[in-house]
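User: Please take one part of this model and look at it closely. Start from how it is paired, then follow it outwards to whatever packs around it. Keep to what the coordinates support.

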Amino acid sequence: MLKDLKEGFIDLALIEGVFVPRIFSCHEITRDKLLVVTSNTSPWREKNKISLKEFMEAPLIVREKGSGNRETMEKHLKRAGLKLDQCNVVAELHSLDAIKAAVVAGRGISVLPRLALKAELHLGTLLGLEIEELPMEQTIHLVYYKCRVQGRLAQAFIKFLRSPQRGFC
């Protein structure tokens with residue numbers, strides 16, 4: 001996405017993660033919980049938390065390398081003295097929708113942002129759990145290329161996202 005910003009294909013982006021080169025203007029917009037997401041038929045359907053041991057042993061579906069979501073999950077695992085390769089990773093997928101579909105189908109669990117799960121959690125097609133010993137959170141940033149003049153619409157959107165009244169998600 002940062003490449004698309006630099007090359008002018010997009011004017012701004014909302015990204016998760018922490019590293020943004022200095023050629024971009026970067027502003028924290030919000031923080032979001034990362035939840036362990038599981039199908040509504042899982043053995044955890046009556047719980048709101050799972051143990052770290054249960055998480056490590058369950059079939060895990062992850063985002064691709066370079067994804068801010070994956071980097072944040074790996075950072076939290078590292079904080080607990082663990083690495084992703086110690087988990088039971090069964091698939092690596094490139095989109096949130098593909099991961100959600102695989103989880104609904106019972107292929108495994110995943111770790112996804114709460115904001116990306118609002119509809120599924122509301123409808124009950126997916127369940128969101130926390131790991132007892134490992135709360136996870138990520139920061140969402142508004143990013144745009146410093147050297148490019150933004151159009152009026154992009155300027156208004158940036159102003160809206162940076163305002164405290166925005167009520168972001």
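Analyst:
**Strand 2 and its surroundings**

In this predicted model, strand 2 pairs with strand 6 in the antiparallel sense, over 4 bridges. Within that pairing, Leu34 has Pro113 of strand 6 as its bridge partner. Strand 7 is also joined to strand 2 by 4 bridges, and these two strands run antiparallel as well. Two positions fix the register there: Val37 is bridged to Gly128, and Ser39 stands opposite Leu126. A further antiparallel pairing, over 9 bridges, links strand 2 to strand 8 (residues 137–145). Asp32 faces Gln138 in that one.

Strand 7 has another partner besides strand 2. Strand 3 (residues 49–50) pairs with strand 7 in the parallel sense over 2 bridges, with Lys49 opposite Glu130.

As for exposure, strand 2 is mostly covered, with 12 of its 16 residues buried. Across the protein chain, buried residues make up 44% of the 169 residues.

Thr38 serves as a worked example from strand 2. Its relative accessibility is 3%, and Thr38 therefore counts as buried, the limit being under 20%. The side chain of Thr38 makes a polar contact of 3.2 Å with the side chain of Ser42. Beyond its neighbours within four places in sequence, Thr38 is in contact with Trp44, Val103, Ile109, Leu126, Leu127 and Leu129. One of these, Val103, is a buried residue of helix 4.

That contact leads to helix 4 (residues 96–104), whose buried residues are Ile99, Lys100, Ala102 and Val103. These residues lie on the same side of helix 4 because they cover an arc of only 165 degrees around the axis. An α-helix has 3.6 residues a turn, so residues three or four places apart point the same way. The buried residues of helix 4 pack against strand 2 (24–39), strand 4 (59–63), strand 5 (88–93), strand 6 (109–113), helix 5 (118–123) and strand 7 (126–131). Three of those elements, strand 2, strand 6 and strand 7, have already appeared above as pairing partners. Helix 4 is followed by Gly106, which has a positive phi near 85 degrees.

Next come the nonpolar cores. In soluble globular proteins, nonpolar side chains tend to be buried together. The largest nonpolar core here has 21 residues, and the members that touch the most others are Val36, Phe55, Met73, Leu77 and Ile131. Two or more residues of this core come from each of strand 2, helix 2 (52–57), strand 4, helix 3 (68–79), strand 6 and strand 7. Helix 2 gives the most, with 3 residues. Ile131 shows how these pieces meet: leaving out residues up to four places away in sequence, Ile131 touches Val36, Ile50, Ser51, Leu52, Phe55 and Met136. A second, separate core has 9 residues, among them Leu35, Val37, Ala102 and Leu126. Ala102 is also among the buried residues of helix 4, and Leu126 is also a contact of Thr38.

Helix 3, which contributes to the largest core, can be checked for length. Its 12 residues should span 16 Å at 1.5 Å a residue, and its end C-alpha atoms are 16 Å apart, which agrees. The buried residues of helix 3 are Gly68, Asn69, Arg70, Thr72, Met73, His76 and Leu77. Of these, Met73 and Leu77 were named above as members of the largest core. At the N-terminal end, Ser67 caps helix 3 through a side-chain oxygen 3.2 Å from the backbone nitrogen of Asn69. After helix 3 comes Gly81, with a positive phi near 80 degrees.

Finally, the setting of strand 2 in the protein chain. The chain has 6 helices and 8 strands, in the order α-β-β-β-α-β-α-β-α-β-α-β-β-α along the sequence. Its C-alpha atoms fill a box of roughly 50 × 30 × 25 Å, taken along the principal axes. Of the contacts between residues at least 6 apart in sequence, 77% join residues at least 24 apart. The contact of Thr38 with Val103 and that of Ile131 with Val36 are examples from the regions described here.

Notes
Residues are numbered from 1 along each chain as its sequence is written. This is a predicted model: local features need pLDDT of at least 70, side-chain atom pairs count only at pLDDT 80 or more; totals for chains, interfaces and linings use all residues. Side-chain values use heavy atoms; hydrogens and water are left out. Buried means under 20% relative accessible area, exposed over 50%, partly exposed in between (1.4 Å probe, protein chains only). The arc is that of the directions from the helix axis to the C-beta atoms. Contact means heavy atoms within 4.5 Å. A polar contact is a pair of N or O atoms within 3.5 Å; within protein, one must be able to donate a hydrogen and the other to accept it, and residues adjacent in sequence count only if both atoms are side-chain atoms. Two strands pair if DSSP finds at least two bridges between them. A nonpolar core is a set of buried Ala, Val, Leu, Ile, Met, Phe, Trp, Tyr and Cys residues joined through side-chain atoms within 4.5 Å. The expected span of a helix is 1.5 Å times one less than its number of residues.
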